[in-house]
Amino acid sequence: MSSVTVYGLCSAVLVGLGLFSLIVHPQPLRKILAFNLIGGGVFLLFGVVARRGAEGGFGGDPVPQALVITGLVVAFAATALAVALLLRLFQETGRATLRSDG
Amino acid sequence: MPNSTTAGGFLLVLAIVLPVVGVLLSLALGGRHAERVALILMPAGLAVAVAIAAGVWRTDNVLQYFVGGWDPPLGVAFRADGLSAAMILTAALLICGIGLFARTQFPSPQEVETRAPLVFWTLLLAVWGALNAVFIGGDLFNLYVALELLTFAAVPLVCLDGRPETLAAALRYLLFALLGSILYLLGAVLLYGAYGTLDIVLLSGRIHPAPVAWVAISLMTTGLLAKAALYPFHLWLPPAHAGAPAPASAILSGLVVKAPFFLVVRLWFDVMPRMPERAAAQVLGILGAAAILFGSVVALRQMRLKLLIAYSTVAQIGYLFLMFPLAVRPETGNPWSTVAWTGGVLQAISHAFAKAAMFMAAGLIAEALGHDRISGLAGIGRALPITVFAFGLGGLSLMGLPPSGGFVAKAMLLTAAVAAGQWWWAVVVLTGGLLAGGYVFLVLARALSDSSEPLTLLSTISPSRQAVVVVLALCAVLLGFVPLRPLELLQIGRPATVVVGFR
C-alpha cells in the first residue's frame, strides 16, 4: 500500500469520525472539536492531492499546499469565533449547551 | 468567454476593495467615525455596482479580472456575468437602504465610545465585501474563503445586543455554517484532486460524470444547503433572524442566505452544465417543496411578528430550489429550462427586497409598540400607516400576487412546471402562495383593526425611516413591471448550451 493510499484512508477516517461526533454529540464544545477533526481530515486530503500531483514528475504540487495554509487560517478563525461565542454564552447563562439541541 | 482581463475588470476589484477599505478605516478610526465611513462608501459602492451592471449589459459579455495577471489554473479569476451583475446591484441597493434605515438605531456615539455602532457599521461593510466576493468569485477555493468571510461577518450581527438567547442563536448558526463550509471544502479538494483546477470555467470543460465528481458535487451542495437554511437544515434560521436587530435581520434574510444559493446555481449550471441528473435535481425540488409547506404552516402559527417573517424566509428559500428540477438538462428536451432558471433567480432578487422591507417594517412596529406580539398589533395601521403599507407591499411579493417581482418569478416557475409536465411543482407553488396570503393577511388584519383602548407609542418613528422601508418594498413590486428584455441581462455569460429559447 503506497503512502498516498495510507494518508488518504487516514483522512477519510478523520472526516468520518468528525462527522459522526458532530451529528451525535449535542454539546457545542464537542461540535467545535468535531469540526476541527473534519478540518484535519480535509487538510490531510490536500496533502494527499499535492503528493499525487507529484506523480507528474514534479517534486510536489504546490497549489494544494498554498490552499491548506489559507484553509488552516480560516478554520482557526472559525474555531476562535465559535469558542468566543460559547464562552460568552457560558458567562451570561452559566451553561454551555444549546437547549433545543440537547 | 474572454481569456484575459477585460476592460472594466478593475471594477470587480473595486467592488471588493471599497468595503474592505471601509472596514479597515472604521477599525482604525473607531466607533465615532464608523457610521460616516460607511455612509461615504455606500454611494461609491452603489456607483461601482451600477458600472459593473452597465459594463456587462453594454458589452454583452462577462467582465473578467485575473488577479496579479496570472492566468488560471495558477491564478485566480474574478468574473461578473449577468447573474453576478444583477446580484451585485441588488446587494448594493439593499445595503444602501439598510444603512440609511439603521442611522437612528446605531448612531455615532457622542461622548463615550460604545461597541454596538462600531460593530454594526463595520460588519455591514464586511458583509457587503464578502457578498461581492461570492458573486464575482471564479475559483472554487476563493469562493470558500468568501463564504467564510460572509459567515464571520453575519454571525456577530445576530447577537449585537448580547442577550443570551441571541448568543445561543448565533452559536447554532455558526455551527451549521461551519459544517456547511467544511463539507464544501471537502468537495472542492476532491474536485482539485480529480481535475487539477478549481477555476469554474476550466473545470466545466474537464469535469465528466464519474463517481468522484458526484461525491464532490453532493458534498458541496449539502454544505451549501446547510448555509442556505433549506429544509431540513433550517433549524438555525428562525431564532437567528428573528433575534437580530431589525437592520441586521434585513441583511441576513435578504442577502446573506442568497449567497450559498447563488453558489449552488453556479455549481449546478456553470461548473457542470451537462452533468446534473434529473433524480438529484428532483431531490432538491422535494426539499424546496417541503420547505415551502413546512415554513408557511409554521409561520401561520407564530405569535411574534419577527418569528413569523423568519419562518416565511424558510418557506421562500424553498421556492429558490424549485428551479432545479425544472431547469436542469435542457438538452434532453426541456425548452422551458431558461424560464425556470430566470424565475428562480428573480425570486431570489425580489425576495431580497421584500423580506428586507418586511423585517425593517417589523422593527419599526416593535420600536413604536415596545413588543412585536401579533395579537397586540391592533391600531398600529392608524399610527404607522406608511410602515404597515410597506409590510403589505412586501407581502404582495411573497404571495406572488401581481404586480410584483414575486408574481413574475412564481409565474415563470409555474409556467415551466406545467410546460415540462411536472405539474406537482405547480401545486406546491400555488399552495405556498395561498399559505403566504394567510400569514400576511393575519398580520394585516390585526394591524388594520381598531384597538379598543387608545394606542400609546413608545417613540415616534421618523418619516424618513418609513420612507426607506417603502422604497425597498416598492423595488420588490417594481420588479414586476420590468419587461422581459432586461431579464436578458441574467443570461449574459451563461454557457450557450443551457440557454434555450429565450433570446
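At what angle do helix α4 (residues 115-136) and helix α5 (residues 140-158) of chain B pack, and how far apart are their axes? The legends below refer to a predicted model, and the opening view addresses this pair.

**View 1. Packing of helices α4 and α5 in chain B.** Helix α4 (residues 115-136) and helix α5 (residues 140-158) of chain B pack at an angle of about 155°, and their axes lie 8 Å apart. Because angles over 145 degrees count as roughly antiparallel, α4(B) and α5(B) are classed as roughly antiparallel to each other. The crossing in which α4(B) passes α5(B) is left-handed.

**View 2. Residues at the contact of α4(B) with α5(B).** On the α4(B) side, the contact is formed by B:Val119, B:Leu123, B:Ala126, B:Val127, B:Ala130, B:Leu131, B:Ala133 and B:Val134. These meet B:Leu143, B:Ala146, B:Leu147, B:Leu149, B:Leu150, B:Ala153, B:Ala154, B:Pro156 and B:Leu157 in α5(B). By residue class, the contact of α4(B) with α5(B) comprises 17 nonpolar residues, with no polar and no charged ones.

**View 3. Surroundings of B:Leu235 in the loop between α8 and α9 of chain B.** B:Leu235 is placed in the loop that lies between α8 (211-228) and α9 (237-243) of chain B. With 17 other C-beta atoms within 10 Å, B:Leu235 is partly exposed, because a residue counts as buried at 20 or more such atoms and as exposed at 12 or fewer. B:Ala133, one of the α4(B) residues that meet α5(B), is 102 residues from B:Leu235 in sequence and 27 Å from B:Leu235 in space, C-alpha to C-alpha.

**View 4. The side of chain A that touches chain B.** The contact draws 28 residues from chain A and 21 residues from chain B. Helices α1 (3-24), α2 (28-53) and α3 (62-93) of chain A each supply at least two residues of the side that touches chain B. The most is given by α3(A), with 15 residues. The residues on this side of chain A divide into 20 nonpolar, four polar and four charged.

**View 5. The fold of chain B as the setting for the views of its helices and loop.** Chain B contains 20 helices and two strands. Its radius of gyration is 22 Å, close to the 23 Å that the globule rule gives for 503 residues, so chain B is as compact as a globular protein of that length. The C-alpha trace of chain B spans about 70 × 55 × 40 Å along its principal axes. Of the 503 residues of chain B, 63% count as buried. Among contacts in chain B between residues at least 6 apart in sequence, 80% join residues at least 24 apart.

Definitions and conventions: Residues numbered from 1 in each chain as written. Chains lettered and ligands numbered in written order. Predicted model: local features only at pLDDT ≥ 70, side-chain atom pairs only at ≥ 80, totals over all residues. Helix = DSSP H or I, 4+ residues; strand = E, 2+ residues; numbered from the N terminus. Contact = placed C-beta atoms within 7 Å. Nonpolar A, V, L, I, M, F, W, Y, C, P; charged D, E, K, R; others polar. Rg over C-alpha atoms; globule rule 2.2 N^0.38 Å. Axes fitted to C-alpha atoms, helices over the stretch in contact; angles between N-to-C directions. Parallel < 35°, antiparallel > 145°, perpendicular 65-115°, else oblique. Left-handed = near helix turned anticlockwise from the far one by under 90°.
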